[in-house]
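Trainee: I would like a close look at one part of this structure, with the terms spelled out as they come up.

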Amino acid sequence: MTETQKSRSYRKRLVERYECHCCRKEQQFCWTCACGFQICLRCMQENQWGISGNSITWICPDCGELRGI
Ligand SMILES: [Zn+2]
Ligand SMILES: [Zn+2]
């Protein structure tokens with residue numbers, strides 16, 4: 001992949017497919033951060049990020065932002 005293709009796909013805001021940044025696999029759904037970080041449900045559960053009660057909060061390992069729903 002060339003640098004041009006990389007930056008173009010990185011800037012695409014509407015994602016139709018997700019790729020988890022932890023397991024590097026394509027996913028149907030990932031939690032996303034404003035910085036572009038994506039993590040799938042399975043990796044989040046394995047890392048025990050968030051999920052307290054009926055709300056989900058997690059801290060992005062890339063930028064340290066607290067993400068919640
Ligand atoms: Zn994953
Ligand atoms: Zn982030």
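Trainee: Of the contacts in the chain with a separation of 6 or more, what percentage do residues 24 or more positions apart account for? After that, please take me through the surroundings of Cys20: where does Cys20 lie?

Mentor: This is a predicted model, in which local features need pLDDT of at least 70 and side-chain atom pairs count only at pLDDT 80 or more, while totals for chains, interfaces and linings use all residues. Residues are numbered from 1 along each chain as its sequence is written, and chains are lettered from A and ligands numbered from 1 in the order in which they are written.

To your question: residues 24 or more positions apart account for 23% of the contacts in the chain with a separation of 6 or more. A contact here means that the C-beta atoms of two residues, placed from the backbone, lie within 7 Å.

The chain has two helices and six strands, in the order α-β-β-β-β-α-β-β from the N terminus on. Helices (H or I, at least four residues) and strands (E, at least two) are DSSP runs, numbered from the N terminus.

Cys20 sits in the loop between β1 (18–19) and β2 (26–27). Cys20 counts as buried because it has 20 C-beta neighbours inside 10 Å. The cut-offs are 20 or more other C-beta atoms within 10 Å for buried, 12 or fewer for exposed, and partly exposed in between, with C-beta atoms placed from the backbone. Buried residues make up 10% of the 69 residues in the chain.

Leaving aside neighbours within four places in sequence, Cys20 is in contact with Lys25, Gln27, Cys30, Gln38, Ile39, Cys40 and Cys43. Cys20, Cys30, Trp31, Ile39 and Cys40 form the largest nonpolar core, which has five residues. β3 (30–32) and β4 (38–40) each supply at least two residues of this core. A nonpolar core is a set of buried Ala, Val, Leu, Ile, Met, Phe, Trp, Tyr and Cys residues joined through C-beta atoms within 7 Å.

Within that core, Cys20 and Trp31 are 11 residues apart in sequence and 8.7 Å apart in space, C-alpha to C-alpha. Not counting residues up to four places away, Trp31 touches Ile39, Met44, Trp58 and Arg67.

Arg24 lies in the loop between β1 and β2. Arg24 is exposed because 8 other C-beta atoms lie within 10 Å. Most residues other than glycine have a negative phi. Arg24, although not a glycine, has a positive phi of about 60°.
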